[in-house]
Amino acid sequence: MDSLMEPTLYTIKGMCILDNDGNRILAKYYDKNVFPTVKEQKAYEKNLFNKTHRANAEIIMLDGLTCVYKSNVDLFFYVMGSTHENELILLSVLNCLFDTVTMILKKNVEKRAVLENLDVVMLAFDEICDGGIILDADPSSVVKRVDLRNDDIPIGEQTVAQVLQSAREQLKWSLLK
């Protein structure tokens, strides 16, 4: 009889977005035992990119991890879990991540747009997965939580980026009148 593994909520080992050269745009790793240093993370990302950038698949097992991935224009989206993890769960997280980014960027999913909206994309990462535990796999509910409108928030609760964006918009409209 096979020994069964203890069930756990810690299903995601990491998520990342790489550009079409294999460079990191955004990455979060949740298991410090798998990748304790940034150097090891980047080496794994390079290896992962080299194995997947020409492949026409959606899944790969690499260095003891199951990785599901999706590419679009000049970006590669990856979600990693252990080899014992259900691939359909990993795929649902990947689809949620991709669809959320697509909604946030209004279907303009490319490197420049992601970098311009990196703060919101980072919030989306955190809303989808926290510490390796999947929090949400529904893109529309994630977008609702991360899509903050500057007009609806009191100035004391806005981030610096939101205040600057609001000031830019007000200046632009005052110059256009």
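Mentor: A residue counts as exposed when its relative accessible area is over 50%, as buried when that area is under 20%, and as partly exposed in between. Please keep in mind that the model before us is a predicted one.

Trainee: Let us apply that to K106. Is K106 buried or exposed?

Mentor: K106 has a relative accessibility of 68% and therefore counts as exposed, the cut-off being over 50%. Its place is in the loop between helix 2 (87–104) and helix 3 (111–116).

Trainee: What is the sign of phi at K106?

Mentor: Phi of K106 is positive, at about 55°, although K106 is not a glycine. D63 is a further residue other than glycine with a positive phi, here near 50°. D63 lies in the loop between strand 3 (59–62) and strand 4 (65–72). With a relative accessible area of 56%, D63 is exposed.

Trainee: Which residues does G64 touch, not counting those up to four places away in sequence?

Mentor: G64 touches S82 and T83 on that count. G64 is found in the loop between strand 3 and strand 4, where D63 also lies. As for distance, the C-alpha atoms of G64 and K42 are separated by 16 Å, the two residues being 22 apart along the chain.

Trainee: I should like an example from the middle category. How exposed is N20?

Mentor: The relative accessible area of N20 is 42%, so N20 is partly exposed, falling between the limits of 20% and 50%. N20 is found in the loop between strand 1 (12–19) and strand 2 (24–29).

Trainee: Which residues are in contact with N20, leaving aside its neighbours within four places in sequence?

Mentor: They are F49, D74 and F76. A C-alpha separation can be read alongside such contacts: N20 and S71 are 51 residues apart along the chain, yet their C-alpha atoms are separated by 9.0 Å.

Trainee: Let us turn to the helices. Which residues of helix 4 are buried?

Mentor: Helix 4 spans residues 118–128, and its buried residues are V120, V121, A124, F125 and I128.

Trainee: Where on the helix do these buried residues lie?

Mentor: One looks down the helix axis and asks how wide an arc they take up. In helix 4 the buried residues fall within an arc of 150°, so they line one face of the helix.

Trainee: How many helices and strands are there in the protein?

Mentor: There are six helices and seven strands. Along the sequence, they follow the pattern β-β-α-β-β-β-α-α-α-β-β-α-α.

Trainee: Into which domains is the protein divided?

Mentor: Domain 1 covers 12–146 and domain 2 covers 151–176. The C-alpha centres of domain 1 and domain 2 lie 30 Å apart. Taken along the principal axes, the C-alpha atoms of the protein fill a box of roughly 75 × 35 × 30 Å.

Trainee: What can be said of burial and surface for the protein as a whole?

Mentor: Of the 177 residues in the protein, 41% are buried. The protein exposes about 10800 Å², and carbon and sulfur atoms supply 54% of that area.

Trainee: How many positive and negative side chains does the protein have?

Mentor: There are 20 positive and 26 negative side chains, and the centres of the two sets lie 7 Å apart.

Trainee: Lastly, what share of the contacts joins residues at least 24 apart?

Mentor: The share is 51%, taken among contacts between residues at least 6 apart in sequence.

Key:
Residues are numbered from 1 along each chain as its sequence is written. This is a predicted model: local features need pLDDT of at least 70, side-chain atom pairs count only at pLDDT 80 or more; totals for chains, interfaces and linings use all residues. Side-chain values use heavy atoms; hydrogens and water are left out. Buried means under 20% relative accessible area, exposed over 50%, partly exposed in between (1.4 Å probe, protein chains only). Helices (H or I, at least four residues) and strands (E, at least two) are DSSP runs, numbered from the N terminus. The arc is that of the directions from the helix axis to the C-beta atoms. Domain bounds come from an automatic or database domain assignment. Contact means heavy atoms within 4.5 Å. Accessible areas come from the Shrake-Rupley method with a 1.4 Å probe; for residues, only the protein chains shown count as cover. Lys and Arg count as positive and Asp and Glu as negative; His and the chain ends are not counted. The place of a charge is taken as NZ of Lys, CZ of Arg, CG of Asp or CD of Glu.
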